[in-house]
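Student: I've got a model open and I'd like to learn how to read it. Can we go through it together, one feature at a time?

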Amino acid sequence: MTSNSNQDDGNASAPKSSTPPEAAGTAINDFFEVVETTRSVRKRLDYDRPVPPELIERCIDAAVQAPTGLNREAWRFLVLTDPEPKAQVAELYRASMEGLQERVRDRLPPELRDQPLPGDKPTYVGLAENMHRMPALILVCSEGRATSEDAAMQVAFYGSVLPAAWSLMLSLRASGLGTTWTTLLVAEEARVAAALGIPENVTQTILLPVAYTKGAVLRRAKRKGAADVTYWNRWAQSRE
Ligand SMILES: Cc1cc2nc3c(=O)[nH]c(=O)nc-3n(C[C@H](O)[C@H](O)[C@H](O)COP(=O)(O)O)c2cc1C
């Protein structure tokens with residue numbers, strides 16, 4: 001949940017090399033365009049335009065081609081389109097955001113303690129306030145629990161569900177839909193489970209709020225390039 005001044009957040013003016021606003025809601029076929037412009041979209045969302053269930057299923061069909069440890073396919077996708085479960089989840093998401101300030105700030109590394117948290121940022125609060133209006137909320141779950149302290153087991157557990165969640169987000173983007181990768185809801189996992197009938201041995205991961213965008217311009221984020229984050233043949237060694 002880091003801040004990124006270059007992210008458009010569905011609210012910026014047209015930059016160079018971006019998806020033109022008129023393309024919002026239309027499919028994008030260029031792979032690198034999709035991967036490089038799948039941003040968090042919290043504004044300019046069309047709450048009134050339904051998202052066809054078939055399109056969501058099409059995207060989930062793509063997502064489940066992701067790698068899965070031991071071929072378990074433990075991922076489960078809970079799609080909320082009815083007003084009542086959406087309202088319940090939206091309320092719990094807001095509760096989680098409000099509680100985050102106290103829960104997290106003291107546990108952050110010292111260099112991050114002065115950073116604004118989601119509850120301090122209008123765009124994040126805006127998403128939370130409108131969560132119940134989203135045409136669809138997709139909760140990506142995995143059967144089982146990463147109970148082991150063993151790092152390898154944890155990597156295997158989450159590594160068997162998060163690639164599918166990211167493929168889903170890319171597929172939604174490629175279909176002209178806006179989403180945001182959110183994890184705040186996990187803090188309210190027990191109450192979400194009770195509200196939605198999710199069994200105890202199911203782990204909740206990412207919540208993707210889904211809507212068509214209204215002219216949001218999504219562009220590449222300003223990030224460190226490959227040369228800054230890649231080592232060759234030995235830790236900290238550059239290619240040349
Ligand atoms: C692990 C993780 C958790 C996140 N949780 C939330 C969240 O709960 N709510 C939210 O609005 N954004 C959340 N985000 C989105 C980040 O704030 C966002 O990815 C970041 O600011 C970069 O912007 P971009 O996605 O547009 O590139 C999360 C991102 C990650 C990777």
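Tutor: Sure, and let's start with burial. A residue is buried if 20 or more other C-beta atoms lie within 10 Å of its own, exposed if 12 or fewer, and partly exposed in between. Keep in mind that this is a predicted model.

Student: Let me try that on a glycine. Is Gly-159 buried, exposed or partly exposed?

Tutor: Gly-159 has 14 C-beta neighbours inside 10 Å, so it counts as partly exposed. You'll find Gly-159 in the loop between α5 (151–158) and α6. Its C-alpha is 8.2 Å from that of Pro-67, although Gly-159 and Pro-67 are 92 residues apart in sequence.

Student: And what share of the chain counts as buried?

Tutor: Of the 240 residues, 30% do.

Student: What about the overall layout? How many helices and strands does the chain have?

Tutor: Eight helices and five strands. Reading from the N terminus, the order is α-β-α-β-α-α-β-α-α-β-α-β-α. To see how the chain folds back on itself, look at contacts between residues at least 6 apart in sequence: 83% of those join residues at least 24 apart.

Student: Now the core. What's the general idea there?

Tutor: In soluble globular proteins, nonpolar side chains tend to be buried together. In this model the largest nonpolar core has 43 residues, and Tyr-93, Val-140, Leu-168 and Val-210 touch the most other members. The elements that each give two or more residues to this core are α2, β2 (75–80), α3 (83–104), α4 (122–130), β3 (136–143), α6 and β5 (202–213).

Student: Pick one of those for me. Which residues does Val-140 touch?

Tutor: Leaving out residues up to four places away in sequence, Val-140 touches Trp-75, Phe-77, Val-161, Ala-165, Leu-168, Thr-205 and Ile-206.

Student: How do I read a pair of packed helices?

Tutor: Ask how far apart the axes are, at what angle they cross, and which residues meet. Take helix α2 (residues 53–63) and helix α6 (residues 162–174): their axes come within 8 Å and cross at roughly 135°. That angle makes α2 oblique to α6, and the crossing is right-handed.

Student: Which residues of α2 and α6 meet?

Tutor: From α2 there are Cys-59, Ile-60, Ala-62 and Ala-63, and from α6 there are Ala-164, Ser-167, Leu-168, Ser-171 and Leu-172. Sorted by class, the contact of α2 with α6 has seven nonpolar, two polar and no charged residues.

Student: Is there another pair I can compare with it?

Tutor: Try α3 and helix α7 (residues 189–196), which pack at about 170° with their axes 10 Å apart. That makes α3 roughly antiparallel to α7. Pro-85, Gln-88, Val-89 and Leu-92 in α3 meet Arg-191, Val-192, Ala-195 and Leu-196 in α7. By class, the contact of α3 with α7 has six nonpolar, one polar and one charged residues.

Student: Back to Leu-172 in α6. Is Leu-172 buried or exposed?

Tutor: Leu-172 counts as buried because it has 28 C-beta neighbours inside 10 Å. Not counting residues up to four places away in sequence, Leu-172 touches Cys-59, Leu-177, Thr-179 and Val-210. Also, Leu-172 and Arg-58 are 114 residues apart in sequence and 9.3 Å apart in space, C-alpha to C-alpha.

Student: Can loop residues be read the same way? Where does Val-51 lie?

Tutor: Yes, use the same steps. Val-51 lies in the loop between β1 (45–46) and α2, and with 21 C-beta neighbours inside 10 Å it counts as buried. The C-alpha atoms of Val-51 and Pro-135 are 6.3 Å apart, while 84 residues separate them along the chain. Apart from its neighbours within four places in sequence, Val-51 is in contact with Ile-56, Pro-135, Ala-136, Leu-177, Val-210, Ala-211 and Tyr-212.

Student: Last one: backbone angles. What should I look for?

Tutor: Most residues other than glycine have a negative phi. Asn-233 has a positive one, near 70°, and Ala-236 has a positive one too, near 75°.

Student: Where is Asn-233 found, and is Asn-233 buried or exposed?

Tutor: Asn-233 is found in the segment after α8 (226–229). With 7 C-beta neighbours inside 10 Å, Asn-233 counts as exposed. Ala-236 also lies in the segment after α8, and Ala-236 is exposed, with 6 other C-beta atoms within 10 Å.

Technical notes: Residues numbered from 1 in each chain as written. Predicted model: local features only at pLDDT ≥ 70, side-chain atom pairs only at ≥ 80, totals over all residues. Axes fitted to C-alpha atoms, helices over the stretch in contact; angles between N-to-C directions. Helix = DSSP H or I, 4+ residues; strand = E, 2+ residues; numbered from the N terminus. Parallel < 35°, antiparallel > 145°, perpendicular 65-115°, else oblique. Left-handed = near helix turned anticlockwise from the far one by under 90°. Contact = placed C-beta atoms within 7 Å. Nonpolar A, V, L, I, M, F, W, Y, C, P; charged D, E, K, R; others polar. Core = buried A, V, L, I, M, F, W, Y, C linked by C-beta atoms within 7 Å.
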